[in-house]
Every structure is written in structure tokens, then in C-alpha cells.
Amino acid sequence: MTHQVRAVVARGKGAPVSLETIIVPDPGPGEALVKIEACGVCHTDLHYREGGINDDFPFLLGHEAAGVVESVGEGVTDVAPGDFVILNWRAVCGQCRACRRGESWYCFNTHNAKQKMTLLDGTELSPALGIGAFAEKTLVAAGQCTKVDPTASAAAAGLLGCGVMAGIGAAINTGNVGRGDSVAVIGCGGVGAAAIAGANLAGAAKIIAVDIDDRKLDTARKLGATHTVNSKDADAVEAIRELTGGFGADVVIEAVGRPETYKQAFYARDLAGTVVLVGVPTPEMKLELPLLDVFGRGGALKSSWYGDCLPSRDFPMLIDLYLQGRLDLDAFVTETISLDEVEKAFERMHHGDVLRSVVVL
């Protein structure tokens, strides 16, 4: 059996997306069919549309999603029809060298659904990050579904599927922010704002938000920033050092993904401090640092993949904190939109007008 559903498709590099009817097969072994309730509009979707990921057009966009399992294939035991789930793009294999050494959040052999969703003419679709959730229904590997409390808002919960989890995890999992630490976050879009929320959850004493947009700095304050720096008006490194007794922050999280801001993060940390890169650079970018400074400043230079999260561990815990009023996921939802408004949402994202537009079905 197959299902005909509406979905947002990117057919060519830079071309506007289109709302089309696609065909979704019933789940096979190890797969799950999910009825999507909400999906955030993420920069990664725009990168797919622009051909910045690869050129496997047409793409079925959307990946930051929550919904209800409609049916499962043979051998699926972790989720069942009716379960409210958040989708993730790192379904761990349990068998690779990372999983065997107990670090499954680094799984090197993550997997997706084996069957393909298609256009009506049979053309195979490439689902964004193996999910493709700007659609009424999508087919994923069952391991990409994490069951959480169904009383959570789908619009808020789905954001843990990518950007919010990346930011929170960069602070808590990768940066190991602890009670009393000083933290600086450079770049306060969706991921950076989430890193601020994560540092606040972890008990950081001082959280310094750095951006060039006062609107984003205002949001950062609401999510736990104790200090803000507009780096159009002040030198970010000097400002962070001044706010930390001249030393620099214990943890600096770079959520932009540019050489210039990475250098700021590198020099804005305390001796033996930690830099976490969670902003995603483009292939042509190069970084040059004096090797003596890398040696002499000590500490750790880390990259954060998906917030080094383990969905089965982190998603339910963060949803519980959300329902207890301790994590304001609703603050990340700037607007809710319909499937046919995704192209306009890309424009608003480009202009920095939103933390997240969320498609609600």
C-alpha cells in the first residue's frame, strides 16, 4: 500500500520550493510511517534548496519534526502506532566502533529508511537529513523516532529534532558547562539561543550573548543571558574578557560557523578553557591560528555534532523539563505557518526576522 500526501519539494538549485503530491510507501522491516504534526524551518533546509549539501535533487525538505507513528514495519519494537515521537537524523546502529565503546552519540553508521518516497511520476526523492518532514506523512527508520510525552506541544517538541538540541547539547554535552561557569555564546540565532538556554539549565553563573542584532540579544536575555554584547558596537573578545575579570570565559560556544567568529571564540576563552564549534562552516572556509597559541592557551577545541546528543536519552529528559516549566521551548517558535508558506519562511529566516518558523499540519 502507498499513501499520496502533500509535501514541499525542492526541484533545482536556488529555485523556489513547490507544494506537490508525493507517494509514501508503507513501512518495511525496521521502518516507521509517521503522520507529521509540526516541522521547524531550519537553515539546513535552505542549504539543501541552494545545493549547498549536495546535488541529489529533487529534495523532500524538512527534518526538525514531531508527529504520531501511524504504522511500523516488521521487527520494530521501540515504537508503536499511536506513539508521539520526535524525529532525529542520527538513528544509532549499536554496532559500529563508537557504539561498541559506549559513545553511541558519535555513531559512525547511522541509518535511514531503505525504501524511497517518490514524485507521482516515480522520480525518487532525497529526504533532507534522511527525514523529509515538510509533508503530511513521511517514512523513516524506526530508530529515527524517539517517543516522548504526548502532552507536549508538537510545534515546540519538534525543534529538539535539530537546532534546539544542537545548541543545548553544545553547552551541556560537548562543552560540559557546569555550575558557576562563565559561558559566552557568539551568534544568537536559533542554535546560539538554545546554547544560552542550555548553559542556563546547567547552572552557569555568567552567560554572555554576542550578536550584531539587538532583537536576538533581547531574546537571549529571556532565555538566560546575564550579559549581552552587540559586536557591531564593541570588540567581542575585549568585552567578554572585561566581563570575566580580564580572563575570558570558561566555555565559548561559536554558533556562527565562520573563521572570524571562531578566532573570537578562541581568544575570548580563559586559559585551559573550552571552545565549542556548533556553527556549520562552508567547504571553502579556512582557519589560520598561530600554533604556539593553540599550544600555549591549553584547554580544548571541540566540534559539536548535533549537540553530541543521544536522542533516546536527551529528548525525553528535555521534554520533561519543558513540561515542568524549566525549559522554554515555546520561546523558539516565532510563528506557525502552513506547508505552502515555507518559501516565505526562508525569506524571513534570511533577514533574521525569526528564531523559528514552524509548519503546523
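This tour goes through a predicted model stop by stop, naming what to select and what can be found there.

Residues are numbered from 1 along each chain as its sequence is written. Because this is a predicted model, local features need pLDDT of at least 70 and side-chain atom pairs count only at pLDDT 80 or more, while totals for chains, interfaces and linings use all residues, and side-chain values use heavy atoms, with hydrogens and water left out.

**The parallel sheet**

Begin with strands 11 to 16, where strands are DSSP runs of E with at least two residues and helices are runs of H or I with at least four residues, both numbered from the N terminus. These strands form an open sheet of 6 strands in the order 13-12-11-14-15-16, with parallel pairing, and two strands are said to pair if DSSP finds at least two bridges between them. Strand 13 (227–230) and strand 16 (300–303) are the edges of this sheet, and each has a single partner strand, so one side of each is left without a neighbour in the sheet. On average, neighbouring strands here are turned by 15° against each other, direction ignored.

Select strand 12 (residues 206–211) next, which pairs with strand 13 in the parallel sense over 4 bridges; Ala209 has Thr228 of strand 13 as its bridge partner. Strand 12 is also joined to strand 11 by 5 bridges, and those two strands run parallel, with Ile208 of strand 12 as the bridge partner of Ala184. Of the 6 residues of strand 12, 5 are buried, where buried means under 20% relative accessible area, exposed means over 50% and partly exposed lies in between, with a 1.4 Å probe and protein chains only.

**Helix 8 and the edge at strand 16**

Now show helix 8 (residues 259–268), which lies across strand 11 (182–186), strand 14 (249–254), strand 15 (269–277) and strand 16 and runs at about 150° to strand 15. For such angles, axes are lines fitted to C-alpha atoms, for helices over the stretch in contact, and the values run from 0 to 180 degrees between N-to-C directions.

Within strand 16, pick Leu301, which counts as partly exposed at 38% relative accessibility. Leaving aside neighbours within four places in sequence, Leu301 is in contact with Tyr262, Phe266, Arg269, Val275 and Val294, contact meaning heavy atoms within 4.5 Å.

**Helix 4 and helix 10**

Move to helix 4, where 10 of its 12 residues are buried, among them Met165, Ile168 and Thr174. The buried residues of helix 4 pack against strand 5, helix 5, strand 14, strand 15, strand 16 and helix 10. Just after helix 4, Asn176 takes a positive phi of about 50°.

Add helix 10 to the selection: the axes of helix 4 (residues 163–174) and helix 10 (residues 311–323) come within 12 Å and cross at roughly 105°. That makes helix 4 roughly perpendicular to helix 10, a term for angles of 65 to 115 degrees. Met165, Ile168 and Asn173 of helix 4 make the contact with Arg313, Asp314, Phe315 and Leu318 of helix 10.

**The nonpolar cores**

Next, colour the nonpolar cores, each a set of buried Ala, Val, Leu, Ile, Met, Phe, Trp, Tyr and Cys residues joined through side-chain atoms within 4.5 Å. The largest core has 54 residues, and those with the most contacts inside it are Ile196, Ile253 and Phe332; its largest share, 7 residues, comes from helix 5 (residues 190–202). Centre the view on Ile253, which, leaving aside its neighbours within four places in sequence, is in contact with residues including Ala170, Val183, Ala195 and Val276. Apart from this core lies another, of 33 residues, among them Val17, Ile36, Val79 and Phe346.

**The mixed sheet and strand 6**

For the last stops, select the open sheet of 5 strands, which has the order 7-2-1-4-8 and mixed pairing. Strand 7 (118–119) and strand 8 (126–127) are its edge strands, each pairing on one side only. Inside this sheet, strand 1 (residues 2–10) and strand 4 (residues 59–60) pair in the antiparallel sense over 2 bridges, and Val9 stands opposite Leu60 in strand 4.

Finish at strand 6 (residues 84–87), from which Phe84 and Ile86 point one way and Val85 and Leu87 the other way, all of them buried. Strand 5 (residues 64–72) is joined to strand 6 by 3 bridges and runs antiparallel to it, while 3 bridges also join strand 6 to strand 10 (residues 145–147), again antiparallel. Val68 has Phe84 as its bridge partner in strand 6, and Val85 has Lys147 as its bridge partner in strand 10.

Definitions and conventions. Parallel < 35°, antiparallel > 145°, perpendicular 65-115°, else oblique.
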